[in-house]
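Let's take a walk through this model, starting in the packing and working outwards to the charged pairs and the partner chain. Keep the structure open as you read.

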Amino acid sequence: MTIAEHTGEQIPVAHIARVVEDFSTFYERELRPVVGLAYVLSGSRSGAEDIAQDAFVQAYRKWETVGAYANPGGWVRTAVSNRAVSLFRRKSAEARALLRFRGSSSSVPELSADAMETWAAVRRLPKRQAQVIALHYYDRSSVAEIAEVLDCSENTVRTHLRRAKETLSENLGEGSQA
Amino acid sequence: MKDIESHLNDAASEARDKVSSMKLTGVAPYASGRVASRVLAAGGAFALVLGVVGIAAIAATWNPNAGASEFGTNGDGTSITTVTVANEDSPVAGDHDDDDSDDHDEEGENGATTTSLPDDDAVEDEHDDSTTSTTLDDDDSTTSTTLDDDDHEDDGSTTTTTVDDHEEGEDDSVTTTTLDDDHTDGS
């Protein structure tokens with residue numbers, strides 16, 4: 001039985017006080033996808049972990065507020081995607097060197113050359129376009145969810161998607177199509 | 001040729017696989033308190049051990065009589081001064097340490113006192129009548145001088161004793177005892 005069925009009233013979803021989820025459950029479920037999002041946007045594995053960890057620490061400190069949001073995962077993704085792009089912009093050379101270094105020492109297999117080239121091209125996009133691509137393709141977020149995370153309209157998200165793919169098709173090869 | 005959609009889907013799929021095989025090293029925020037408490041506990045225990053070791057080291061090396069001279073020996077160890085007092089009421093102002101306390105704590109059967117003496121002022125005020133100085137040049141020589149100031153009625157008496165323990169006739173050991181009893185006869 002839903003709340004509306006119980007009360008007989010139509011209550012806007014945004015006004016429904018969400019039952020605060022246990023943080024540990026939230027953390028266990030969201031940590032890896034969020035680290036991955038930070039990874040594809042920053043290109044640094046260790047940097048991605050740090051960024052994700054910082055975001056989760058922030059969420060934990062004000063979990064009474066964040067946990068009551070309709071989509072606390074979106075809140076964390078907003079923080080992580082912003083920080084990941086900033087990290088890449090600020091330390092892109094260092095991140096690439098780190099990626100190459102870890103390729104020879106890490107027990108985890110690195111991405112293929114095609115995948116690395118694709119994500120490198122994504123990271124060279126403007127910030128919003130890179131975030132939209134990462135959220136849409138890596139995180140499998142819908143346009144509506146991306147709009148919520150990036151705090152913009154769905155049309156803006158679609159525009160970013162289209163322009164990003166146009167740029168990527170130009171950069172990734174003549175055979176690619178937008 | 002792949003289109004951009006395939007490029008992105010393949011790259012995303014590969015990245016997800018890679019991230020799923022990553023060993024994440026971060027500590028969950030809700031566990032950080034427990035980690036911090038363990039770190040603090042370990043640090044506290046370490047600090048406690050350091051403190052105990054430090055106190056033990058200080059106690060082992062600390063000399064409560066720092067600066068006091070040893071009784072009966074000089075700097076190079078070639079001289080021994082022995083003072084034997086027959087009358088316990090007449091402390092002898094010989095070689096003594098600088099401790100101000102009255103250490104009349106070791107009394108022999110005949111009342112002789114051989115331990116450290118009160119300071120110079122205290123001795124002079126009480127009974128400054130005997131002075132003994134013994135110098136031994138030869139390590140093999142040992143000289144013991146017994147003074148009984150009750151028997152010395154003459155003032156300013158001076159006794160010089162020469163001990164020669166070498167048959168060759170060399171004066172390797174000289175003991176000089178000077179007695180200046182100016183209290184007994186009032187002269």
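The buried residues of H8(A) pack against H2, helix H5 (72–90), H7, helix H9 (143–150) and H10 of chain A, and also against helix H1 (4–21) of chain B. Bear in mind that this is a predicted model. Which residues of H8(A) are the buried ones? They are A:Gln129, A:Ala130, A:Gln131, A:Val132, A:Ile133, A:Ala134, A:Leu135, A:Tyr137 and A:Tyr138. That makes nine of the 12 residues in H8(A), so this helix is largely enclosed by the rest of the structure.

The geometry of H8(A) is worth a quick look too. At 1.5 Å a residue, its 12 residues should span 16 Å, and its end C-alpha atoms are indeed 16 Å apart, which agrees. After H8(A) comes A:Arg140, and there phi is positive, near 60°.

Now hop over to helix H10 of chain A, where you'll find A:His160. Is A:His160 buried or exposed? With a relative accessible area of 18%, A:His160 is buried, since the cut-off for that label is under 20%. Setting aside its neighbours within four places in sequence, A:His160 is in contact with A:Arg128, A:Gln129 and A:Val132. Two names there should ring a bell: A:Gln129 and A:Val132 are among the buried residues of H8(A).

Helix H10 of chain A also holds A:Lys165, and this residue takes us across to the other chain. A:Lys165 forms a salt bridge with B:Glu5, with the closest N and O atoms 3.2 Å apart. Because A:Lys165 lies in helix H10 of chain A and B:Glu5 in helix H1 of chain B, the pair joins two chains. How exposed are the two partners? A:Lys165 is buried, at a relative accessible area of 18%, whereas B:Glu5 is partly exposed, at 28%.

How many salt bridges does the rule find across the interface of chain A and chain B? Just one, and the pair is B:Glu5 with A:Lys165. Polar contacts between chain A and chain B come to nine residue pairs, counting those with both residues at pLDDT 80 or more. On the chain A side, the elements that give two or more residues are helix H2 (23–42), helix H3 (45–61), helix H7 (113–123), helix H8 (127–138) and helix H10 (154–172). H2(A) gives the most, with 10 residues. Sorted by class, the side of chain A that touches chain B has 21 nonpolar, nine polar and eight charged residues.

Step back and take in the interface as a whole. In it, 38 residues of chain A are in contact with 26 residues of chain B. The size of an interface is often given as the accessible area lost when the parts come together. Here chain A and chain B bury about 2900 Å² between them, and 64% of it is on carbon and sulfur atoms.

Back to charges, this time within chain A. Side chains of opposite charge can pair when their charged atoms come close. Over all chains, the structure holds seven salt bridges. In one of them, the side chains of A:Glu21 and A:Arg29 meet at 2.5 Å, N to O. A:Arg29 also forms a salt bridge with A:Glu30, where the closest N and O atoms are 3.5 Å apart. Which residues does the network link? A:Glu21, A:Arg29, A:Glu30, A:Arg77 and A:Asp139 are linked in a network of salt bridges.

It's also worth checking how accessible some of these residues are. A:Glu21 counts as buried, at 18% relative accessibility, and A:Glu30 is buried as well, with a relative accessible area of 11%. A:Arg29, which pairs with A:Glu21 and with A:Glu30, counts as partly exposed, at 42% relative accessibility.

Finally, give chain B a look of its own. There are three helices and five strands in chain B, and from the N terminus on they run α-α-β-α-β-β-β-β. Of the 187 residues in chain B, 28% are buried. As for its contacts with a separation of 6 or more, residues 24 or more positions apart account for 58% of them.

Conventions. Residues are numbered from 1 along each chain as its sequence is written. Chains are lettered from A and ligands numbered from 1 in the order in which they are written. This is a predicted model: local features need pLDDT of at least 70, side-chain atom pairs count only at pLDDT 80 or more; totals for chains, interfaces and linings use all residues. Side-chain values use heavy atoms; hydrogens and water are left out. Contact means heavy atoms within 4.5 Å. Buried area is the accessible area (1.4 Å probe) that two parts lose on being put together, summed over both. A salt bridge is a side-chain nitrogen of Lys or Arg within 4 Å of a carboxyl oxygen of Asp or Glu. A polar contact is a pair of N or O atoms within 3.5 Å; within protein, one must be able to donate a hydrogen and the other to accept it, and residues adjacent in sequence count only if both atoms are side-chain atoms. Helices (H or I, at least four residues) and strands (E, at least two) are DSSP runs, numbered from the N terminus. Ala, Val, Leu, Ile, Met, Phe, Trp, Tyr, Cys and Pro count as nonpolar, Asp, Glu, Lys and Arg as charged, and the others, Gly among them, as polar. The expected span of a helix is 1.5 Å times one less than its number of residues. Buried means under 20% relative accessible area, exposed over 50%, partly exposed in between (1.4 Å probe, protein chains only).
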